[in-house]
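User: I am new to reading protein models and would like to go through this one step by step. Could you take my questions in turn and explain the reasoning behind each answer?

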Amino acid sequence: LFFFPLASFTISLRAADNITVTIKLRPDASSGCLMRVKNGFRLELKIRPGESMTLTFTCNTPEKYFIMEIQKNIDCVSGLCPFGDVHLHPPGLPRLNRTFIWDVKASTKAGLELKFSTPLRQIQPGEVCPDLVSYNINSCIDTATVNIGTFCRNGSVSRVKLLGGVVMSLHLPWNSTLTTSGFNIANRSSIKRLCIIESILTGESSITLMSPNYPLGFPEDELMTWQFVVPSNMRASVFFHNYSLSNCERKEERVEYYIPGSFSNPEVFKLSDSQPANIPGSFNLSLQGCDQDAQNPGILRLLFQVIVQPPQIDENVTHLVDLSKERNMTVTIHFEGWPRRVPLMSELICLICKDPRTCDRVLTLASGAIYKISFLCKDLSRLRITAEKGLSCVDLRWCQRKIYNLSVPKAITQLPVQLHKFIWKITAPELINVEITSPSLKLQQHLPEQSCNTSYSYSIVSATPESEMNVGIFCPGGAIERIQMRNNITVSLKTFGKGFLNESNHQDLKMSFVPHIKDECTFTVSPDPKAKIYLQTPNSPYGLPPYVSISWHIVVPGKQVARLGFSRDRMGIACETGRAYVNVKEQVLGAEETVRREDEPLPEPRNMQHSFWVNVSNCKPVDRMQLTLQFWVTFADKQINLAVILGVLAGAGVLLAIGLTVCCVKKKKKKIQSPMVGVYNANVSTQMPGKQRLFKKDRKANESHVYAVIDDAMVYGHLLKESNGSVTPEVDVYRPFDGPMGSMPPSPPPFSFRKDTKCSPNTEEPPPLADADLDTYTFAHQKSGVLEDNGGTNGMNNGDTSMSLLENKERDGLEE
């Protein structure tokens, strides 16, 4: 049983009106509602000219289910055209979403003109008008139909002239109160082109227009024109945002400008050219197609923007940008957010001009030339500068002598536009590395514990063809004097605020090419004795790449003692292959080395009496685990240790007593014994009998008993050990470093040596080191109890070196 609303609709169509009304289900609607007419129920109803019909709906909301089309056919070929305002007929229609269609037949010799009482705004396919009221214009030439475009109300398009017939559609929502069509039809003479679109721009504005059939192809070998009416006191600029070209067999696709007062009308441009800007007053723009390849026609389409703005006060002020002495550098002046942010079509933008008519939102200047630029912009703070410079080295013999200043040229800093970023791309071939220094200001690593508060910072990225590593973000005013890196480097200076203009005069970042270094990256750090500094492994927060070694050389002033501590207890990773190590070693002869593996606790905070090295070497972590380590360094004045002084004095007294005793014994022997004659017998052994030694080479052969100078630190090394009594832990295949100390960092053994099995005296010899590992600073830790040939110190541990030296010296003195 159906419920029928009381309201009914009667639609009467006169034959002379030539109007057809169609009511049908919406494409997305169900059959939950029906139309009741005299002879039953319908889901679709068509009322032709001369018919009258009464209908009701079986639901209270028919607009959710039905749509309506009202089409009027107008013949302007065989009859008179109904020129003037176009009305919405018939009246009294149901409140449904409706489309009015006017199909006007006309001769190609007489163009039709559609004039709009409310100017229109062209929209892209798929875009919806805010009030849901839209117009669609199609041109009909013979049997071909060309979609001129879809438009909303409240725009700038006031008239459209078309060659031949036209199909005009007006889409209204069911609740629209619009009672007039908003346009009229006027007859005009032939326009000899597809169409002419008139756009009236009365003041500061921005509009977007598209070629017919956009984004499909513009008709082959057609011509159309846009007429822009602009007040003479305003300036217009054209920008092509999206276009494509077809494959031409004859002619050439192009755009032509007719600009009143120009000496070369029409001005012809390719679609790929920069289009005219800063045009005073009205102008025309025409698009010309070509004869296309029948097999592969391609697509000609165009979407462009016209911006109208008043002339700027400083538009005649030119700024000289001298890049004639620069090499491999580009300077780009652009709007804020470029290239990630695309400005809205309706957004007024700043323009940068190379000459009065060549302006764009983005302007790129190349090195080796001098430019005179001007700005069409009310607010220059919306503009930014991004520059890029390339530096490279081919022959180290020439490159190593040169120091490059990584500073922003004055040609850029003197412009009234804020510098956003300056990028140096440094390329170095294999075995040639890069060194970054900051001699006076030094660098501070940007970390949460010590954030940068300067007007600019440097981002340093080290890259190989396979991967890249973010070395870190740094700013001036820290403790890092030098950074050495093995790969190609990108240094990016980024500014914050306007303070850089004042601080740019004090830049001191420098770059040079240096010979090959062993670690991936090496930092030289010279901290302020009164400051606490934090240092962190590169590539945070993603973690140190696998199998990468990083070193820090911390310089400790002579009268200071440094305290080193790690920010957490463990590395926090598990290794899939290889081992991860942290090495700490003072840069002094005989210093102990502290080594920690990834499965061991990191060193406790400790005092460092001398300059020292910190080395971090990564393995291949398990799964997605990453190695990120941070440590800190503080300084304090050295304190006089009375215990050490007393120990040294006591030791000196013992030596003095031994010396006096030996001297007295010798003098006494000389007085008592008479001179004796010695006979040398080469066949008699002079060595004392005893246990057969493990090593065949003796002290006579290796001259370990000969001393030119005896260092107190060697003799009394056991008295200068660390007060906390820490002992270097046992680590696979590591031996304490006992080579000469210099400016190179300690380094772990090659990764082929890092095995889980413990070393023993019976294991086979390891494979020879690669060339990159034949370095003075290699570390291997021998297990306690394994003997070495120390030249007469058989059976002693490596940790007893200082005592063995004292015993050797005493033995040598007695033998004399």
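Analyst: A term is needed before the questions begin: a salt bridge is a side-chain nitrogen of Lys or Arg within 4 Å of a carboxyl oxygen of Asp or Glu. Please also keep in mind that this is a predicted model.

User: With that definition, which residue meets the side chain of Arg159 in a salt bridge?

Analyst: The N to O distance for this pair is 3.5 Å, and the cut-off for a salt bridge is 4 Å. Arg159 belongs to strand S13 (residues 157-162) while its partner belongs to strand S10 (residues 112-123), so the pair ties together parts that are 46 residues apart in sequence. The partner of Arg159 is Glu113.

User: Is Glu113 buried or exposed?

Analyst: Buried means under 20% relative accessible area. Arg159, at 23% relative accessibility, counts as partly exposed, whereas the relative accessible area of Glu113 is 3%, which makes Glu113 buried.

User: How many salt bridges does a search of the whole structure find?

Analyst: The pair of Arg159 and Glu113 is a salt bridge, and Glu127 forms a salt bridge with Arg121, where the closest N and O atoms are 3.6 Å apart. Glu127 is partly exposed, with a relative accessible area of 38%, and Arg121, at 32%, is partly exposed as well. For the whole structure, the number of salt bridges found is 23.

User: Which residues are linked in a network of salt bridges with Glu598?

Analyst: The side chains of Glu598 and Arg579 meet in a salt bridge at 2.6 Å, N to O. Glu598 lies in the loop between strand S49 (593-597) and strand S50 (606-608), and Arg579 lies in the loop between strand S47 (575-577) and strand S48 (581-586), so this pair ties together parts that are 19 residues apart in sequence. Both of these residues are buried. The residues linked with Glu598 in the network are Arg579, Arg597 and Asp599.

User: How many residues of S49 are buried?

Analyst: In a regular strand the side chains alternate between the two faces of the sheet. In S49, Glu593, Val595 and Arg597 point one way, Thr594 and Arg596 point the other way, and all are buried. S49 is therefore largely enclosed by the rest of the structure, the buried residues being five of the five.

User: Which residue in S49 is the bridge partner of Lys585?

Analyst: S48 and S49 run antiparallel and are joined by five bridges. The hairpin of these strands has six residues between them, and there Gly590 takes a positive phi near 80°. The bridge partner of Lys585 in S49 is Glu593.

User: Which strands stand at the edges of the open sheet that contains S26?

Analyst: Four strands form this open sheet, in the order S17-S26-S19-S23, with antiparallel pairing. Six bridges join S17 to strand S26 (residues 298-309), and Ser206 stands opposite Ile307 in S26. An edge strand has a single partner strand, so one side of it is left without a neighbour in the sheet, and the strands in that position are S17 (205-210) and S23 (279-280).

User: Which backbone oxygen does the side chain of Asn213 reach?

Analyst: Asn213 is found in the loop between S17 and strand S18 (223-229). Leaving out residues up to four places away in sequence, Asn213 touches Val146, Asn147 and Pro219. At 3.4 Å, its side chain reaches the backbone oxygen of Gly217.

Definitions and conventions: Residues are numbered from 1 along each chain as its sequence is written. This is a predicted model: local features need pLDDT of at least 70, side-chain atom pairs count only at pLDDT 80 or more; totals for chains, interfaces and linings use all residues. Side-chain values use heavy atoms; hydrogens and water are left out. Two strands pair if DSSP finds at least two bridges between them. Helices (H or I, at least four residues) and strands (E, at least two) are DSSP runs, numbered from the N terminus. Buried means under 20% relative accessible area, exposed over 50%, partly exposed in between (1.4 Å probe, protein chains only). A polar contact is a pair of N or O atoms within 3.5 Å; within protein, one must be able to donate a hydrogen and the other to accept it, and residues adjacent in sequence count only if both atoms are side-chain atoms. Contact means heavy atoms within 4.5 Å.
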